Amino acid sequence: PMQLFGAWWRASTTPKERAKWAVLDIHHYYAWGSQCSGAVEGPPTGRFSCSDEDHRELVIDNCGAWASVYRSTIEKECEVGLRLASAEFSASTHHSVRHACNDVTTLKMMLETQVDMAAAADVELFWWSYKMPYGGAFRSAWSLKHLLNLLGVLPQPDEELFHCGDHIPAKGEPEDGSI
């Protein structure tokens with residue numbers, strides 16, 4: 001399928017456009033693919049178990065090669081020097097929060113491997129969501145701000161402004177709640 005995207009990109013853009021401003025963006029989610037997903041309980045729900053350090057590292061490293069495969073496949077169709085991106089990436093290991101790894105070690109490995117492999121292949125990345133204060137259990141892997149807090153980079157996570165059940169009075173609403 002990636003070759004098909006490359007052929008379409010070659011037909012839809014000029015070499016000058018591809019080199020200067022046009023960016024081909026193919027979203028690649030580890031969490032939605034059976035080959036790269038990890039789960040608390042391991043196979044068959046995920047390709048690796050969060051607690052199996054050796055297998056986890058092997059799978060994540062192998063899946064990180066996706067960026068170089070992406071670059072080489074598209075360049076075969078177009079030429080070298082084009083701009084490629086993979087937007088909306090995250091540190092999530094599984095599409096179901098009930099199964100996804102949420103330990104800091106795995107999340108850090110997911111982040112660093114994807115960033116390192118993409119940089120080596122000259123693929124631009126864009127994080128899924130900078131801030132998800134109401135993301136619940138998904139926050140640790142999908143909110144960059146929350147993850148950076150877990151990793152000790154930022155002093156506080158993305159905080160909720162309101163809590164479930166809070167009543168926020170509308171402008172002009174009487175303080176006693178009467179109408």
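This text goes through a few backbone features and one buried side chain in a predicted model.

The walk starts at P43 and P44, which are joined by a cis peptide bond with an omega of about 5°. P44 sits in a loop, with strand 2 (38-39) on one side and strand 3 (48-49) on the other.

Further along the chain comes strand 4, which covers residues 83-89 and includes E88. E88 is not a glycine, yet its phi is positive, at about 65°. Its relative accessibility is 26%, so E88 counts as partly exposed.

A positive phi also appears at D122, again a residue other than glycine, with a value near 55°. Unlike a residue within a strand, D122 belongs to a loop, the one between helix 5 (104-120) and strand 5 (123-127). D122 counts as exposed because its relative accessibility is 52%, and the cut-off for exposed is over 50%.

The last stop is R139, in helix 6 (residues 139-142). R139 has a relative accessible area of 13% and is therefore buried, since buried means under 20%. What does R139 touch, leaving aside residues up to four places away in sequence? The residues in contact with R139 are M132, P133, H146, P157, D158, E159 and E160. With one of these, H146, there is a polar contact between side chains, at 3.1 Å. Another, D158, is 19 residues from R139 along the chain, and the C-alpha atoms of R139 and D158 are 8.8 Å apart.

How values were computed
Residues are numbered from 1 along each chain as its sequence is written. This is a predicted model: local features need pLDDT of at least 70, side-chain atom pairs count only at pLDDT 80 or more; totals for chains, interfaces and linings use all residues. Side-chain values use heavy atoms; hydrogens and water are left out. Helices (H or I, at least four residues) and strands (E, at least two) are DSSP runs, numbered from the N terminus. Buried means under 20% relative accessible area, exposed over 50%, partly exposed in between (1.4 Å probe, protein chains only). Contact means heavy atoms within 4.5 Å. A polar contact is a pair of N or O atoms within 3.5 Å; within protein, one must be able to donate a hydrogen and the other to accept it, and residues adjacent in sequence count only if both atoms are side-chain atoms.
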